[in-house]
Structures are given as structure tokens and as C-alpha cells.
Amino acid sequence: MSKILIRGAKVLGGEPQDVLIDGETIEAVGTGLSAEGAEVVEAGGKVLLPGLVDLHTHLREPGREDSETVLTGTRAAASGGYTTVFAMANTFPVADTAGVVEQVWRLGKESGYCDVRPIGAVTVGLEGAKLAELGAMHESAAGVTVFSDDGKCVHDAVIMRRALEYVKAFDGVVAQHAQEPRLTEGAQMNEGVVSAELGLGGWPAVAEESVIARDVLLAEHVGSRVHICHLSTAGSVEIVRWAKSRGIRVTAEVTPHHLLLTDELVRSYNPVYKVNPPLRTERDVHALREALADGTIDIVATDHAPHPHEDKDCEWAAAAMGMVGLETALSVVQETMVDTGLLDWAGVADRMSVKPAQIGQAAGQGRPVSAGEPANLTLVDTEYRGRVDPAGFASRSRNTPYEGRELPGRVTHTWLRGKATLVDGKLT
Amino acid sequence: MQRHLISAADLTRDDAVLILDTAEEMARVADRPIKKLPTLRGRTVVNLFFEDSTRTRISFEAAEKRLSADVINFTAKGSSVSKGESLKDTAQTLEAMGVDAVVIRHGASGAPYRLATSGWIDAHVINAGDGTHQHPTQALLDAFTMRRRLVGRDSGIGKDLDGRRITLVGDVLHSRVARSNVDLLHTLGAHVTLVAPPTLLPVGVETWPCEVSYDLDSTLPKSDAVMMLRVQRERMNAAFFPTEREYSRRYGLDGDRMAKMPEHAIVMHPGPMVRGMEITAEVADSDRCTVVEQVTNGVSIRMAVLYLLLGGNEPAQTRTEEK
Amino acid sequence: MDTQDTQPGSPDARPVLEGPDIARVLTRIAHEIVERAKGADDVVLLGIPTRGVFLARRLAAKLEQITERKVPCGSLDITMYRDDLRMHPPRALARTEIPGDGIDGRLVVLVDDVLFSGRTIRAALDALNDIGRPRAVQLAVLVDRGHRELPIRADYVGKNLPTSLRETVKVQLAEEDGRDTVLLGAKADQ
């Protein structure tokens with residue numbers, strides 16, 4: 001493989017430097033680097049980050065190829081600066097056996113746009129009743145380390161306890177979708193002032209918080225680690241902060257949309273704002289930003305949830321929950337965290353690459369931008385501002401809540417182990 | 001007025017008074033030998049009902065026919081039309097037929113709003129009740145009934161409900177009637193009090209322009225009108241209250257409680273009543289109960305709304321909007 | 001109802017009938033009605049809102065003076081019967097008040113302020129049709145300004161006022177406007 005010289009890139013937002021890639025590896029980082037015959041990329045002051053890692057992506061294949069496939073989903077990931085995505089298990093069939101996770105893993109390999117690490121279901125069919133073959137999935141070619149019933153909550157305390165205990169044998173982690181099912185029957189949006197007015201079934205914050213509280217206590221009791229998916233309320237932040245202060249091994253993620261959007265948007269009854277967990281209030285948004293800044297929330301994960309047009313072009317109650325996010329995540333994080341002064345680019349690299357790779361044990365990902373490391377890199381034009389145009393998405397679906405909204409930042413280049421997957425904003 | 005009638009909250013005070021005044025004139029048509037006006041000749045109105053509601057549909061249909069509109073009834077319930085994309089498809093089918101207005105009843109909150117704002121159709125949309133959100137013509141007919149009884153049939157013309165004390169009792173949480181009434185009565189200057197067990201009040205009710213009480217007996221003597229909301233028996237199963245007996249003992253209106261109301265005060269109910277639950281037969285059949293009047297007034301109000309939305313080349317203009 | 005508004009106090013509007021003139025022509029019309037209706041014992045006066053109603057009441061009072069009998073007087077709102085509904089936003093409705101004994105078999109005299117195209121009267125005839133079956137219908141107007149667009153004429157005319165279509169006629173009555181006058185003015189340029 002030939003050499004690539006990235007000239008004048010602000011590594012993690014620092015002073016401009018040159019980065020020389022040789023094959024799959026970073027050969028050197030410094031100033032005034034030159035290399036005979038190397039392809040030169042003039043970074044011109046753009047920010048260079050380690051390739052982003054998404055711990056929470058719905059690729060929909062197998063089963064819902066009308067909304068996304070492993071190929072289109074990984075192309076969307078590369079467009080958004082990602083070099084690894086963790087594919088959620090709620091496919092059809094459910095990824096609850098070694099066979100299904102291996103299929104997804106293989107499709108990821110074939111796509112070549114980013115690494116795909118399948119997440120295995122915790123329970124058979126996501127039904128919350130019987131443990132799936134967690135060990136078999138771990139030992140499969142896919143090497144599953146993260147298990148989740150995402151979309152559904154592992155609501156039974158005994159099942160959750162057993163899962164937390166069982167995965168200790170191979171240092172796996174259970175990622176909980178915290179949603180008490182009885183408290184959210186018929187729920188359509190955040191329960192509060194807006195739901196009362198709109199007459200939409202309320203989704204109380206306590207339905208999330210009570211499950212998180214239970215699960216951190218269970219994790220403490222059995223000495224396991226637990227990961228909380230898409231934390232969305234100020235109360236959840238408090239519980240995780242308390243748990244961490246007690247030394248409980250809990251990690252948590254927040255989605256870009258929960259860092260930016262509130263339930264006021266639901267007044268439009270436009271299902272593009274319908275998502276699980278629901279958009280919350282301004283107060284929650286601020287608590288989540290603070291928590292991401294101070295490390296209480298460890299990572300940003302997209303919960304990229306593609307849906308076909310017809311599942312959103314209908315009345316609110318009939319619409320599917322979820323938003324696409326891979327191609328706008330970094331822009332939203334820049335808008336909400338960097339441009340507000342809450343996080344610097346090194347912090348962004350930590351929350352969107354280093355930590356998620358650690359939690360998911362994605363070897364070779366989330367590594368420092370330094371000599372000898374794998375060349376998984378993302379170059380971001382942070383000066384750019386533009387309106388979101390879903391027509392330009394690589395994802396098969398268009399259900400973005402940001403259509404027409406002006407956001408900062410644009411990923412121009414992505415390299416996966418030295419191979420460019422995105423050049424000048426165009427997929428290779 | 002706006003092009004559509006989706007929510008009682010969309011009406012200004014002048015809009016609402018214009019509708020009530022217009023309804024007062026429409027009511028007189030019912031006293032004539034020929035109960036028909038040529039006003040909407042050549043206009044087509046579809047009653048698009050995704051949810052059963054014979055009384056509301058009949059009321060709209062009577063109003064439409066008295067104004068000489070061509071009426072098409074479309075009852076979607078029970079047919080394959082139940083999913084979201086079908087609302088859009090149905091709407092576009094109606095649009096292709098050249099429909100001028102769609103009166104829609106839907107089980108999902110916000111469906112009429114989506115119909116009006118998604119670019120699916122050009123027709124006027126009138127909300128005939130959506131989920132637990134709004135039922136604006138019900139609120140208007142209630143306000144009309146109150147104005148007639150509490151202000152006066154003729155002396156009420158041009159007036160609102162300034163200072164009148166209105167109490168709504170019952171299942172506020174699941175009631176689109178309550179939401180619409182709180183919005184409209186507030187716009188019309190009335191003081192509204194909601195009385196319900198805490199389980200049947202929505203989280204967030206404290207931001208509504210009204211008072212909230214858990215105690216019916218202390219509220220009754222301070223009420224000019226008491227509106228009893230329907231309480232469905234199946235709510236018991238979801239633990240909103242323990243038993244029917246306990247509910248009616250604490251929140252039901254019987255003869256003894258009615259006696260605590262001021263002499264002039266009226267008892268209202270949007271129907272259908274659950275006798276023995278929120279209201280006893282004695283109260284329901286008393287002279288102070290306006291249930292039957294409300295039904296009559298419903299036709300006049302719906303005629304007024306149809307005329308003011310569809311009668312001209314654009315919706316009626318009111319003073320506040322000209323500014 | 002055919003009146004076209006001028007700006008009140010429009011500088012070039014000039015009075016063509018003043019208070020005393022209006023009182024005089026109403027008295028004359030009242031006598032003509034008694035004369036033509038042979039005592040006016042089955043007359044019902046129906047004014048067309050807004051100003052026709054005031055004129056009808058004044059006529060009724062004069063008829064009662066002459067005949068020493070109560071003369072039924074009401075109002076007939078024609079808004080819902082207009083043929084130009086689709087050309088404007090809906091207008092607020094005015095009151096239709098039919099006297100207690102109705103109009104069946106009676107002589108209905110419609111009363112309006114200005115007779116112009118005749119379309120208002122056409123609408124009034126349609127409205128009457130839905131209310132009952134009078135023995136006969138007659139029309140009394142304060143001013144006939146010409147330019148009929150339908151085969152309609154008045155039975156009683158206060159003043160024939162030849163006008164051009166570039167002119168406007170505005171009737172003001174004490175009950176509504178604070179004074180009695182008929183103004184002829186120039187149409188405001190569009």
C-alpha cells in the first residue's frame with residue numbers, strides 16, 4: 001500500500017502537524033514531514049481525530065433491508081467519520097445466535113467501509129425471558145463482547161442479574177435499554193407539560209431512572225460492569241454520578257439528539273421527532289451536556305435508527321420511533337459541546353472514539369494519533385457551516401430531525417487502517 | 001380565523017365570540033318551516049371518521065345538510081384503514097375527488113393537525129375529536145350553552161363568559177373535551193376549576209390556565225356551571241381509582257351535591273353519560289341539566305363553524321387578525 | 001345593503017337628502033302603502049339589515065299613527081342567500097326576526113336603504129321563500145340609484161337618484177350613524 005501524507009492537520013485540535021501514513025499504520029507525526037511519492041492531503045487547519053466508534057447503531061440487516069443494509073449503514077458511518085460501528089441485535093431474525101452475529105460480521109467485512117462489531121441479544125428473541133447463548137456468540141467469528149436487548153428493556157431483575165453475572169466469564173458487558181415497561185405502556189413522548197397539552201401518552205423520566213438505579217445496584221452486587229444506553233434525563237445523570245462515586249463499574253452513553261432537541265418540537269406532531277427514549281426538556285438537555293463534559297456520561301452513541309419514509313409520513317401514534325444519526329453526529333456534538341466551550345476536540349476524541357472502543361473492546365480502534373498506531377483517522381472541517389440536506393445522505397433512510405437546520409462541521413476524510421473510505425466528503 | 005379548526009387554543013376571543021354569535025342566528029333556522037340555507041350549495045364536505053361516534057357524526061351531518069353542502073360519510077373503523085399511511089392515502093383520495101372540507105375524528109392525538117399541515121390535502125380540516133387532544137366544536141357548543149344560560153340568549157350576543165366560574169369534574173387525563181374547554185373558556189374570560197382524583201389529572205396540568213382541586217364539595221358552591229366528564233369503567237382496571245362506588249362517592253354528582261350549587265348554576269355533560277358513575281339519574285333528568293340542549297346547540301355551532309370557514313372565498317376575518 | 005361605503009367624511013361626498021327630507025319621504029311612503037294596500041291591515045314590514053331595519057321600524061311607527069293599529073315589523077337577513085358569497089370572506093350574520101304571526105297570506109313589504117343592482121332583493125325573495133308564503137311581496141327603498149342587474153323594481157321609492165357607477169351612495173341613519181343623511185360621493189380609486 002502506498003503512503004499518504006496529511007499536511008497541516010490540527011491533531012485533536014492542537015497545533016497543525018503532518019501525519020504520515022504507511023500502509024495500515026501511522027508512520028510518523030510531526031512538522032515538516034515529507035515522503036517520496038506519498039499522496040498528499042492538504043488539511044489546511046482541519047481537525048484530525050481518531051476514527052469515530054459508535055457503540056449503538058441499527059444496521060437493520062437482516063430483515064429490514066428496506067430501511068438500511070450493512071453496506072448502506074457502513075457507508076453512512078464512513079461519511080460521518082466512523083471507522084467502527086456496533087450493530088444492534090434487534091434485527092429479523094434477532095441476533096441472538098452465533099449464526100446471525102456471524103452473518104452481520106461477515107457483511108461488515110465485505111462492505112469495507114468500517115468495522116462492524118455485532119452486538120448480541122441478551123435474551124432469546126429480545127423477549128426478556130430466557131438468556132440467549134451469550135457464550136456462543138462471544139466465541140463465534142464475530143467475537144461478541146457487548147450484549148443488549150436494545151429496543152426493549154431487560155426488565156426482569158433476575159434475568160438482568162444473571163446476564164450481568166454470566167458475561168463476566170469472558171469480560172462482556174450488558175448494555176441496558178432502561179425503560180420500565182409498565183410505566184411506559186402507550187407512551188408516545190416525554191411526560192410533562194407538552195404531553196399534557198398534546199394529549200399524547202406520557203413517558204415519565206422515572207421509567208428510565210428506576211431501571212438505571214436497579215441495574216447499577218445489581219452490577220455492584222454481582223461485581224459486574226453495566227453500560228447504560230441513551231441516557232436521557234437529568235435524574236439518570238444523578239444516579240450514574242452517584243454510582244460512579246461509589247465505585248460501581250457503570251458506563252453511560254448519550255445520543256446527539258438528546259444533547260440538542262427537546263420535547264417542544266413534538267408540538268408539530270411531526271413523527272421525525274418521535275424517538276425512544278423520547279426527547280426531553282431543556283433542563284435535561286443541559287444536564288446531559290454537563291454530564292458528558294464532566295465524564296459522568298462516558299460516550300456519545302448515535303442510536304442511528306433508520307426507518308423508511310412511510311413509517312414517518314403518517315400520524316404520530318402510527319409512526320416508528322427513531323432517527324438516523326451517523327452522518328450528523330459529529331456536527332451536533334460540535335454545536336452542543338465544542339462551540340459551547342464544554343468540550344475540546346481531545347474531549348470529543350475521547351467521548352466518540354477512545355472510550356466507546358474501550359467499552360466495546362474494539363481492538364485497534366480509539367487509539368492515539370501517534371506513530372505505530374493503526375491509521376484509523378477522521379479529518380473534520382470545523383469551520384464549515386451548512387444546512388442538513390438528507391438527500392445527500394449515504395444512509396438508505398432520511399428520517400433526520402435536522403433537515404434544513406444549520407449545523408457546524410463536516411467530515412471530509414475518513415481512513416480505515418490507512419485506506420481512504422471518504423475523500424473530500426465523497427465516499428470511495 | 002385560521003383555515004382549519006384543529007384546536008380550541010387556535011381561536012382568539014373575537015373568533016370565538018363570532019362563532020357563538022353566528023350560531024345564535026343559525027339556531028333560529030331550526031325554528032323555521034324549511035330548516036335549510038343555500039349557503040354551502042356546491043361545496044363537498046367529507047365526514048372522515050376513524051373512530052365510532054354516531055352522535056358527533058350525525059350532528060355534523062345535520063349541520064352540513066342544513067347549509068346545503070354535499071355530504072360524504074366515510075367511516076374507516078373496522079376497514080383495513082387503521083395504519084398511518086392510510087390516513088395519507090385516504091386524504092389524497094379525497095383531495096382527488098375535489099373535497100372542500102374534511103371533518104375528521106381520529107383515535108390518535110394530532111392526526112387532524114398532521115392532515116392539515118403535511119401538504120397531503122388543500123381542503124379545510126375540522127377536528128371532530130382526536131385521541132386525548134382536542135374536540136373544539138364540543139368546547140364551542142358548551143360555551144354556547146353556558147352563554148345562553150348564564151348571560152342570556154339575546155343579551156349574550158357579542159359577549160364572552162367574563163368572570164363565570166366553570167367547574168369540570170372527572171377524567172381530565174383522557175379527556176379531549178376537558179382540554180378544549182380549558183383553552184376556550186380561558187380565552188372567553190371564565191375561571192375554570194378542574195376537579196378529579198390526582199390519578200386522572202395529567203402531569204403538567206399545573207401549567208394550564210385553570211385551578212385544580214381534588215375536592216368536589218368545596219368547589220360546587222362556587223360554580224356557575226358544573227360539567228361532568230365521562231368516566232369509563234375500564235379505567236378501574238388500570239388502577240386509576242379503586243371501585244366505581246368509591247369514585248361516585250367522591251366525585252359523582254347526585255341530588256345532595258347538586259343542592260350545594262348556587263340556584264342559577266347548571267349541570268352539563270358532553271355525553272354519553274355513565275349514569276350511576278359520574279352522575280345520578282336524578283341529576284341527569286333534572287331541569288338544571290343541559291345535556292339535551294347541548295346536543296341541539298351542537299348543530300348550530302357546527303353550522304356556524306362550517307359557514308365561517310367555508311362560506312366565503314377565505315375564512316371569516318375578525319378584528320384581532322386584521323391588525 | 002347595496003350601499004357602497006365611502007370613507008366617512010370623504011371630502012367630495014355631498015348630501016342629497018338631509019334629516020327632514022328623509023322624515024318627509026318616509027311619511028309619504030307610509031301613506032302610499034296604506035293607499036296601495038287598502039288600509040294596510042295585513043301588512044308585515046321586513047327590514048333588510050342593517051339600515052333597512054331602522055327604516056322599517058320608522059315606517060311601522062308612521063303606519064301605526066296613520067292606521068291606529070299595530071303593524072308587525074321584523075328583519076330579514078339575506079347574508080346566507082347572497083350570490084356573491086364566494087367573492088368575500090364570510091360576513092357576520094345579522095338577525096332575522098319574523099313577527100309572531102308569520103308571513104303566510106300577508107302582504108310583506110321589504111324595506112331597504114338603497115336599491116342598486118337588485119341582487120340583495122333577489123336574495124331576500126329567496127330567503128322569504130324558506131320562511132313562508134306571503135300573499136304578495138312589495139319593496140320600499142329610501143333611494144333608487146339605478147343600474148339594475150336583475151328584473152326587479154321598487155314599489156315605493158323615497159328618491160330616485162341618477163348616479164354613475166363611479167359614484168357611491170351612503171345612507172346614514174341616526175340609530176346607527178348618529179345622524180340622518182344620504183351622501184353622494186366619488187368611488188375611492190382602487
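In the predicted model, the contact between chain A and chain B draws on 18 residues from chain A and 21 residues from chain B. On the side of chain A that touches chain B, the element that gives the most is helix H5 (residues 193-198) of chain A, which supplies four residues. When the residues on this side of chain A are sorted by character, 10 are nonpolar, four are polar and four are charged.

Within the assembly, two pairs of chains are in contact, and of these it is chains A and B that share the most contacts. Chain A and chain C, by comparison, are joined by no contact, and their closest C-alpha atoms lie 28 Å apart.

Attention may also be given to a single residue of chain A, His286(A), which has its place in helix H9 (residues 282-294) of that chain. His286(A) counts as exposed because it has 12 C-beta neighbours inside 10 Å, and a residue is classed as exposed if 12 or fewer such atoms lie within that distance. Although His286(A) and Leu259(A) are 27 residues apart in sequence, their C-alpha atoms are 7.6 Å apart in space.

For chain B, the UniProt record, an unreviewed entry, places the feature "domain: Aspartate/ornithine carbamoyltransferase Asp/Orn-binding" at residues 163-309. In the model, this span of chain B is 35% helix and 14% strand, and the C-alpha atoms at its two ends lie 29 Å apart.

How values were computed
Residues are numbered from 1 along each chain as its sequence is written. Chains are lettered from A and ligands numbered from 1 in the order in which they are written. This is a predicted model: local features need pLDDT of at least 70, side-chain atom pairs count only at pLDDT 80 or more; totals for chains, interfaces and linings use all residues. Two residues are in contact if their C-beta atoms, placed from the backbone, lie within 7 Å. Ala, Val, Leu, Ile, Met, Phe, Trp, Tyr, Cys and Pro count as nonpolar, Asp, Glu, Lys and Arg as charged, and the others, Gly among them, as polar. A residue is buried if 20 or more other C-beta atoms lie within 10 Å of its own, exposed if 12 or fewer, and partly exposed in between; C-beta atoms are placed from the backbone. UniProt positions are given in the numbering used here, feature names are shortened, and annotations may be inferred rather than shown by experiment.
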